[in-house]
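The report below describes one chain, starting with its overall architecture and then turning to selected residues and their side-chain contacts.

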Amino acid sequence: MTCYPGRKQRLQLQAYYQGAWRDGGSEYFELGTSGGSDITLTGTPTTDIRFRFRSEYHDTTSGDNVNATTYGAWKYFIFTS
């Protein structure tokens, strides 16, 4: 994502449960000078559940209004025991 003064990215997390993707929450993170954010997921996740996350830019709520709302590609992962 292009770095811009005050711009943030939104990290969207979902979990696949009972045949559908369910909202796992989202949060905005400041962009570094390279246009990215270093994010660490913590906690003890349930094993053998599929998760996915993506970076999003939302016009106005991401800190500016110079671009249209855009969504990054989903990244998929699963925690195993």
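In what order do the elements of the chain run from the N terminus on? They follow the pattern β-β-β-β-β, and the secondary structure accordingly comes to zero helices and five strands.

**Model and overall features**

The model is predicted, and its pLDDT averages 85 over the chain, with 96% of the residues scoring at least 70. Confidence is highest in strand β5 (residues 75–78), where the mean is 94, and lowest in strand β4 (residues 70–71), where the mean is 88. Taken along the principal axes, the C-alpha atoms fill a box of roughly 40 × 25 × 15 Å. Of the 81 residues in the chain, 22% are buried, while the exposed surface of the chain is about 5600 Å², with 49% of it supplied by carbon and sulfur atoms. Among contacts between residues at least 6 apart in sequence, 55% join residues at least 24 apart.

**Q14 and R52**

Q14 lies in strand β1 and counts as buried because its relative accessible area is 15%, under the 20% limit. The side chain of Q14 makes a polar contact of 2.7 Å with the side chain of R52. Beyond residues up to four places away in sequence, Q14 touches W21, R22, D23, G24, R50, F51, R52 and W74. Two of these partners, W21 and W74, recur in the surroundings of R52: the charged end of R52 sits over the ring of W21, 4.3 Å from its centre, and also over the ring of W74, at 4.1 Å from the centre of that ring.

The distances that involve the side chain of R52 are set out here.

| Partner of R52 | Kind of interaction | Distance |
|---|---|---|
| Q14 | polar contact, side chain to side chain | 2.7 Å |
| W21 | charged end over the ring | 4.3 Å to the ring centre |
| W74 | charged end over the ring | 4.1 Å to the ring centre |

**Aromatic pairs**

The chain holds six aromatic pairs. One of them is formed by F51 and F77, with 5.6 Å from centre to centre and 15° between the planes; the pair is classed as stacked because planes under 30 degrees apart count as such. This pair links distant parts of the chain, since F51 belongs to strand β3 (residues 50–57) and F77 to strand β5, 26 residues apart. F51 is buried, with a relative accessible area of 14%. F51 and F77 also belong, together with F53 and F79, to one aromatic cluster.

**G24 and Y17**

G24, in strand β2 (residues 20–30), has a relative accessible area of 49% and is therefore partly exposed, as exposed residues need over 50%. Its C-alpha atom is 5.0 Å from that of L13, although the two residues are eleven apart in sequence. When neighbours within four places in sequence are left aside, G24 is in contact with L13 and Q14.

Y17 is found in strand β1 (residues 8–17) and is likewise partly exposed, with a relative accessible area of 46%. The side chain of Y17 is joined to that of Q18 by a polar contact of 3.4 Å. The C-alpha atoms of Y17 and I49 are separated by 7.3 Å, while the two residues stand 32 residues apart along the chain.

Technical notes: Residues numbered from 1 in each chain as written. Predicted model: local features only at pLDDT ≥ 70, side-chain atom pairs only at ≥ 80, totals over all residues. Heavy atoms only, no water. pLDDT = per-residue confidence, 0-100. Helix = DSSP H or I, 4+ residues; strand = E, 2+ residues; numbered from the N terminus. Buried < 20%, exposed > 50% of the residue type's maximum accessible area, 1.4 Å probe, protein only. Polar contact = N/O pair within 3.5 Å; in protein donor to acceptor, adjacent residues only side chain to side chain. Phe/Tyr/Trp six-rings, centres within 6.5 Å; stacked < 30°, edge-to-face > 60°. Lys NZ or Arg CZ within 6 Å of the ring centre and 35° of its normal. Contact = heavy atoms within 4.5 Å. Areas by Shrake-Rupley, 256 points an atom, 1.4 Å probe, with all protein chains shown as cover.
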